[in-house]
Amino acid sequence: MHSVDRTTEQMIRSVLAYAENRLRLDPVPLDRGSRDPAELDLALAGLLGEEGHNPDQVLGVYASMLAPAVLSADSPRFLGFIPAAPTKAALLFDMLISCASIQGISWLEAAGPVHAENQVLRLIADQAGLPATAGGCFVSGGSAANLSALAVAREQAKRARPGVGRWRIVVGSDAHSSIGNTLRLLEMDALVVPTPDHRLTGAAVRAAIDADGDPGTLAGLVATAGTTNAGIIDDLASLAPVAAEHRLWLHVDGAYGGAGLFAPSVRGAYAGLEHADSFVVDPHKWLFAPYDCAALLYRDPALARSVHRQDAGYLDVIHDQPGEWNPTDYAYHLTRRARGMPLWFSLCVHGTRAYAEAIETAIGLARQTAAEIRSRPYLELIREPDLSVVLFRRTGWQPGDYTAWADGLLDDQVAFLPPTTWEGETVGRFAFLHPHTPMDLVRQILDRMAG
Ligand SMILES: Cc1ncc(COP(=O)(O)O)c(C=O)c1O
């Protein structure tokens, strides 16, 4: 299993040939994810057992049955949830990192990759306006990053104000679902601030705190830089002073929208982000990295280290290195792959200007789509897009009509575009991200709502 024998040679040829073909797909087909489990059981029958199988046979089952049973988020036709669009460079380098089994746990074990990852984190911190001392690590996703950051927020509050029984965090009503999960796991409660226009503002938070009977139990404030459902950036500039005034840890969740920092046309909307205590952006979303990759940054990484560092006799040695930076100290994890490296490689190959242009392309698609919707009498634009999400309604339609339309689009492999709800109403939603999504596809999708 570990030597380079004839079977290994065979696998290298066939697996790399498969990977090459996948990398050359342009565009990537949409396919569909869900399958009858009985059909999958039949396809996989007998493969897992005491005896091994010919690798080409196993690869054949993967290629014919498993790979097509994936809705490809990197297809330009994937316009639901939050899509993905990893660059070819990032995908290739991800393979290399896997082949070399590159980990990124500690400075002792992997100073080279950790240093390169830190340069990418620095690049993001500079875009966010965070100080030179800011730093962090890459984790698996926005949910893991939110959990790790809010654990630090809670510990920080505990140290500053001992004796509080149960801590609370101020959140807008449009915060991502992972924030609610995080609070449950950390045994904190939410002070939910209603946002009539879905954008959290300093005034709304101030009013909620003023009306609250127990503001001393508030540990932090979560703002969203790009809500998932509508792409709205909270008013960070007005939130930062309120957080400072009430000694609240300011966490900015830019898992989806943080990438907009690289786009000159929307950059101004992030004013105030430079005051964040922690900030998250997911490169596996709009910074064109493969799964799974989220960048987590702290204004004062020493605080994070004091919460997340793991101590054990056998680990003492990793905490005793000159120039040490251990990614494992900055989030809830120990072993980790150097998952920032594909992004590092791709950024070095393409340069940040290409990234800015690709991000602007998705924002441009959202703006053109909004104009297209306004021009059609049977459609209504729900709000002007801040980023790359467009919400709209088809006049007269009931929820079942949206579902039938979306099912038809997927059945015909035109697009994946599930409806969402907005203020209790089922509506249409485009989430743009792939720079190769053509406007003609958008028109075709909207044409299918006419009549
Ligand atoms: C704003 C926001 N926060 C957090 C998350 C969770 O990120 P992940 O799915 O990488 O855990 C998402 C996912 O879409 C998001 O949009």
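Student: Let's start small. How much space lies in the second largest cavity?

Tutor: Keep in mind that this is a predicted model. A search of the whole structure turns up two cavities of 30 Å³ or more. For the second largest cavity, the space comes to about 30 Å³.

Student: Which class has no residues in the lining of that second largest cavity?

Tutor: The residues around the second largest cavity are Ala230, Arg383, Glu384, Pro385, Val389, Val390 and Leu391. Sort them by class and you get five nonpolar and two charged. The class left with none is polar.

Student: And how many charged residues line the largest cavity?

Tutor: The largest cavity holds about 50 Å³ of space. Its lining includes Asp174 and Asp234, along with residues such as Gly172, Thr195 and His198. By class, that lining has three nonpolar and six polar residues, and the charged ones number two.

Student: Zooming out, why can we call the protein as compact as a globular protein of its length?

Tutor: The protein has 14 helices and 11 strands. The globule rule gives 22 Å for 451 residues, and the protein's own value is close to that, so it is as compact as a globular protein of that length. The radius of gyration behind this answer is 23 Å.

Student: What does the C-alpha trace span along its principal axes?

Tutor: Picture three lines through the protein, one for each principal axis. Along them, the C-alpha trace spans about 70 × 65 × 45 Å.

Student: Now the sheets! Which strands sit at the edges of the seven-stranded sheet?

Tutor: This open sheet runs in the order S1-S7-S6-S5-S4-S2-S3, with mixed pairing. An edge strand here pairs on one side only. That description fits strand S1 (135-139) and strand S3 (189-193).

Student: Do S5 and S6 run parallel or antiparallel?

Tutor: Strand S5 covers residues 249-253 and strand S6 covers residues 278-281, with three bridges joining them. As one example of who faces whom, His251 stands opposite Ser278 in S6. The two strands run parallel.

Student: Which helix packs on that sheet, touching S1, S5 and S6 among others?

Tutor: Besides those three, the helix touches strand S2 (168-172), strand S4 (218-224) and strand S7 (294-298). Its direction makes about 175° with that of S5. The helix, made of residues 142-160, is H6.

Student: Over to the sheet of four strands: by how much are neighbouring strands turned against each other on average?

Tutor: This one is an open sheet too, ordered S8-S9-S11-S10, and its pairing is antiparallel. Its edges are strand S8 (379-381) and strand S10 (420-422). With direction ignored, the average turn between neighbouring strands is 45°.

Student: What is the bridge partner of Leu381 in S9?

Tutor: Leu381 lies in strand S8. Three bridges join S8 to strand S9 (residues 389-394), and these two strands run antiparallel. Leu381 also touches Ala370, Ile373, Arg374, Val390 and Leu391, among others, leaving aside residues up to four places away in sequence. Its bridge partner in S9 is Phe392.

Student: How far apart in space are Leu381 and Ala67?

Tutor: Counting along the sequence, 314 residues separate Leu381 and Ala67. In space, going from C-alpha to C-alpha, they are 36 Å apart.

Student: Next, pockets. Which helix gives the largest share of the lining of the largest pocket?

Tutor: The largest pocket has about 920 Å³ of space. Its lining counts 31 residues, and Tyr18, Arg22, Tyr62, Asp74 and Leu91 lie nearest its centre. Helix H1 (6-24), helix H3 (55-66) and helix H4 (88-99) each give two or more residues. The largest share, seven residues, comes from H1.

Student: How many nonpolar residues line the largest pocket?

Tutor: Take the other classes before the one you want. In the lining of the largest pocket, three residues are polar and four are charged. The nonpolar ones number 24.

Student: Last one: which element gives the most to the lining of the second largest pocket?

Tutor: The second largest pocket has a volume of about 420 Å³. Of its 21 lining residues, Ala85, Pro86, Thr87, Lys88 and His434 are the closest to its centre. The elements giving two or more residues are H4 and helix H12 (341-374). With four residues, the one that gives the most is H12.

Methods:
Residues are numbered from 1 along each chain as its sequence is written. This is a predicted model: local features need pLDDT of at least 70, side-chain atom pairs count only at pLDDT 80 or more; totals for chains, interfaces and linings use all residues. Side-chain values use heavy atoms; hydrogens and water are left out. Two strands pair if DSSP finds at least two bridges between them. Contact means heavy atoms within 4.5 Å. Axes are lines fitted to C-alpha atoms, for helices over the stretch in contact, and angles run from 0 to 180 degrees between N-to-C directions. On a 1 Å grid over the protein atoms alone, a cavity is a set of points where a 1.4 Å probe fits but cannot get out, and a pocket is an open set with protein on both sides within 12 Å along at least five of seven lines; lining residues have an atom within 4 Å of a point. Grid points are joined across faces, edges and corners, and a volume is the space filled by probe spheres set on the points. Ala, Val, Leu, Ile, Met, Phe, Trp, Tyr, Cys and Pro count as nonpolar, Asp, Glu, Lys and Arg as charged, and the others, Gly among them, as polar. The radius of gyration is taken over C-alpha atoms; the globule rule is 2.2 Å times the number of residues to the power 0.38.
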